[in-house]
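Reader: Got a minute to go through this one with me? I have some quick questions.

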Amino acid sequence: MKQPLEILKNFYGYNGFRGNQEAIINTVMAKQDTIVLMPTGGGKSVCYQIPAMVFDGFTLVISPLIALMKDQVDALNSNGIPAAFMNSTQSQSEQRYVSQAVIQGKIKLLYVAPERLFSGNSPLLDFLKQANLSLIAVDEAHCVSQWGHDFRPEYLKIGDLRKHFSNIPFIALTATADKLTRQDISDKLGFKSPKWFISSFDRENITYKVAPKQQSFDKLLEFLESHQKNSGIIYCLSRKQTEETAEKLQHAGLKALAYHAGLPREVRDQNQERFIKDEVKIMVATIAFGMGIDKSNVRFVVHMNMPQNIEGYYQETGRAGRDGLPSDALMFFSVGDSITLERMLEKADNPAYIKVMKGKLAKMRTYGQTNICRRKYLMNYFGEDHPDHCGNCDVCFGRDNQRDMTVPSQMLLSAVARLNEAFGLGYVILVLKGSKSNKIQDEHKSLSVFGIGQHQTEVYWKELGAQLIKAGYLAEAGNTFPTLKLTTLAWEKLKKKDKILLASEATFTTTKNISQ
Ligand code: ADP
Ligand code: ZN
């Protein structure tokens, strides 16, 4: 029998397990029911895929993401792992073909949607009983809870499955669940005494920011300035708002697409594909977008409106920075939004549901209004302790009197470097602003940094230059003509793409309104 680590190396090409992965795999292989809470990007998939490879029989994976099943299965097959899916997009004969392959022991992982399992008189249940089933994995397990943000009634049927297959281990996985939802996962799935694995939910590389929702579109443009060439998702509340916002961004010269459940399937798939392939950097979407999308270089997630609850918010922001590099989560907040959401909730007909959801909404509102560290607030919401100060959210920046000036600083420092550290600040600024002055040497007009800072004023760049000198990123050298040089600290920061925080005493005035 192959060892889990060997499988990880041979089939996935990774050298070692991360976090709880190994312990989870061992528990599953000891045939114990297991519940895994791990943030997005934490590596949940191998927790059931590797046991699936070790067990004699096959593993049934229940997943709500029909649209992604084919991709997931293709990815497994291309790693040499025999997997298949069964869902309503297939013809009868295709489904028969798959079930034959499973019965013949040719398939290790079979993906199905929950509604598939229990349709009609459930031939699938009979089929499962005939086949050599070793493990059942329930992905996106929070969908079983009414108190979760994505309740799917079909998931409740999984509890029945538990009764039919009392000797087979189950593993339930989710990236988002508050305390109430956690308990529900165990109860509703009918787990007896499951082993829990709760990883830290902290995503250290994400900077959390909240901005008042006035002139939010102008603020959005300003924010996007600092994310040129980066991929990101902008969440809106309504379908109409996604289309309008995408259109306004296009008018402002930015490539953006809309995505919502009301668009024809082909358009949705095409837009998603273009985003994943980096052909279009900005996706303006309702929350219908993003579930299960494995795009590692999403650099920012913006919420134009306050979301309904922290679980949803955290899952959506968690789509940023899966590669571990610094990323931003910006939310526009207004009390008005929370009132609108409350009215929407009140239309539901279940008083218990309304009560719980209102409680969640109140916690979300507090997040927007709090003056405690946003990360601490989020972690505490998920029942995790956190120090008072993370140093990487707008509240902490404010307390330190610091501002995140990473992107403009990178521009200025790169310009100094591209000019071979042979010029003073005045000249560097002319280059950044793409000046037509005849002082600019011709060879500098073709530099990649030429004109990248044209949206900011000269005063802004002067202030920033002075701050970078003061903070030890730039040093002045030269006798007759002062020239700027990058310090070791600056090279380090550029190399590691680290954040650059500067004292906010300077105003960094932007006089030109970039939305015009
Ligand atoms: P989740 O489902 O928790 O969001 P995934 O299972 O999709 O996360 O894993 C996220 C990424 O991390 C994937 O690209 C996956 O291949 C990678 N990954 C998983 N386990 C490891 C590991 N032990 N070492 C390195 N990368 C890993
Ligand atoms: Zn903080």
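Author: What follows goes through the chain, its sheet and the ligand site of a predicted model.

Reader: How many helices and strands in the chain?

Author: The chain has 21 helices and 17 strands.

Reader: And what share of the residues is buried?

Author: Of the 516 residues in the chain, 41% are buried. As for contacts with a separation of 6 or more, 73% of those in the chain come from residues 24 or more positions apart.

Reader: On to the sheet. What's the strand order, and is it open or closed?

Author: It is an open sheet of seven strands, ordered β3-β4-β2-β5-β6-β1-β7, and the pairing is parallel. At the edges are β3 (83-86) and β7 (195-198), each of which pairs on one side only.

Reader: How many degrees are neighbouring strands turned against each other?

Author: On average 20 degrees, direction ignored.

Reader: Back to β3. How many bridges join it to β4?

Author: Four bridges join β3 to β4 (residues 109-112), and the two strands run parallel. Within that pairing, Ala-84 is opposite Leu-110 of β4.

Reader: Which strands does α2 lie across?

Author: Helix α2 (residues 21-29) lies across β1 (34-37), β5 (133-138), β6 (170-174) and β7. Relative to β1, α2 runs at about 160 degrees.

Reader: Changing topic: which residues come nearest to ligand 1?

Author: There are 13 residues around ligand 1, and those that come nearest are Tyr-14, Arg-18, Gly-43, Lys-44 and Ser-45.

Reader: How does that shell divide into nonpolar, polar and charged?

Author: The shell around ligand 1 has four nonpolar, six polar and three charged residues.

Terms used: Residues are numbered from 1 along each chain as its sequence is written. Chains are lettered from A and ligands numbered from 1 in the order in which they are written. This is a predicted model: local features need pLDDT of at least 70, side-chain atom pairs count only at pLDDT 80 or more; totals for chains, interfaces and linings use all residues. Two strands pair if DSSP finds at least two bridges between them. Axes are lines fitted to C-alpha atoms, for helices over the stretch in contact, and angles run from 0 to 180 degrees between N-to-C directions. Two residues are in contact if their C-beta atoms, placed from the backbone, lie within 7 Å. A residue is near a molecule or strand if its C-beta atom, placed from the backbone, lies within 6 Å of it. Ala, Val, Leu, Ile, Met, Phe, Trp, Tyr, Cys and Pro count as nonpolar, Asp, Glu, Lys and Arg as charged, and the others, Gly among them, as polar. A residue is buried if 20 or more other C-beta atoms lie within 10 Å of its own, exposed if 12 or fewer, and partly exposed in between; C-beta atoms are placed from the backbone.
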